[in-house]
Amino acid sequence: MKLKMFFAAVLACTSMTSFADTSIKFTLDWKFEGPAAAYLTAIDKGFYKEEGLDVSIDSGKGSLDAIPKVASGTYEFGFADINSLVKFKDQNPDSKLKGILMVYNKPPFAIIGSKQTGVSTPKDLEGKILGAPAPDGAYAQWKAFTKVSGIDSSKVEINNVSFAVRESMLVQKRVDAIAGFSFSSFLNLKKIGLAPEDINVMLMADHGLKLYGNTLIVNPEYAEKNPDVVKSFIKATIKGWKYTIEHPDQAIKSVMAKNQIAKEAVELERLQMCINDNVVTDEVKAKGFGGVDYGRLSESIEQIGFTYDFKNKPTAESVFTEAYLPAKSEREM
């Protein structure tokens, strides 16, 4: 009897060790900055380990970067712009790649003006110059934004500036507004001398665009074989976000440990802007963190069509699934 109990204990320990050794590679969309705090905190606080996961996180080179990495299986999980995923699905209709946890309920796509240039509303852009890098994610939504906000785009001059000089050109009044990510451009403008009260940030999502932002994605073949691991990864990630929202000043320490040249005060402000504007929205407060309204997602796909010619337009259900999410009670913010 004792021998049987011994072997049972060994088997249990072996099983636990095997699960604890589940290695996960996760790629971000960008550098180790404020908004990455939730994932790094989930490592440092042991949230992933509690779920039996050994997670490594790599920085990215943009929201498009994670999609092919995860689709190919190089990474099991990634953080990517769902609007870019919609286009990827159109171009790769056989792909089963989906979003599994909506993090940015509102995308940070924004038009930023200043009191000095007199741009504080969308209509103020008419007769003005917009500085916008051609590959910028916010500028990619320009046609849709003008359509839903009632801007006469023929009255707006576009100056395809580089990322490096975008904010400085607004400060110098060489352009009247710029396209960019809200928390990045705002902090860049502050850094080069524009007072916060003189910066006017217009989130496109507050002016008619129904778009969602960044979502976690998972390699579909991996998810099919390891559904419980996917659920565990999401559960731990949600714990990371909850901790970060409740304790941003502590969570930012995990970012600083990975990015020692960053300034803590700047990254904390970037994180807080992200939480307030993109993560904890009214929709999230009402419906819980991580899911989507499929009607809104369908409408957002239609709006993407204002700037993109679909050949195999995906459905909302083919782009995002709530199959791996915990109950709403576990996702309340």
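Q: What makes the contact of E126 with K123 a salt bridge in this predicted model?
A: The closest N and O atoms of E126 and K123 are 2.8 Å apart, and since a salt bridge requires a side-chain nitrogen of Lys or Arg within 4 Å of a carboxyl oxygen of Asp or Glu, the pair qualifies.

Q: Why is K123 called partly exposed?
A: The relative accessibility of K123 is 44%, and because partly exposed covers the range between under 20% and over 50%, K123 belongs to that class.

Q: How do you know that R166 and D136 form a salt bridge?
A: Their closest N and O atoms are 3.2 Å apart, which is within the 4 Å that the definition asks for.

Q: What makes this pair, R166 and D136, a tie between parts of the chain?
A: R166 lies in helix 7 (residues 166-171), whereas D136 lies in the loop between strand 6 (129-131) and helix 6 (142-149), so the salt bridge ties together parts that are 30 residues apart in sequence. R166 and D136 are both buried.

Q: Why do R296 and E283 count as a salt bridge, and which helices hold them?
A: The N to O distance between their side chains is 3.2 Å, which is within the 4 Å cut-off; R296 lies in helix 14 (residues 294-304) and E283 in helix 13 (residues 282-287), so parts 13 residues apart in sequence are tied together.

Q: Why is R296 called buried, and why is E283 called partly exposed?
A: R296 has 14% relative accessibility, and buried means under 20%; E283, at 21%, falls between that limit and the 50% above which a residue is exposed.

Note on methods:
Residues numbered from 1 in each chain as written. Predicted model: local features only at pLDDT ≥ 70, side-chain atom pairs only at ≥ 80, totals over all residues. Heavy atoms only, no water. Buried < 20%, exposed > 50% of the residue type's maximum accessible area, 1.4 Å probe, protein only. Helix = DSSP H or I, 4+ residues; strand = E, 2+ residues; numbered from the N terminus.
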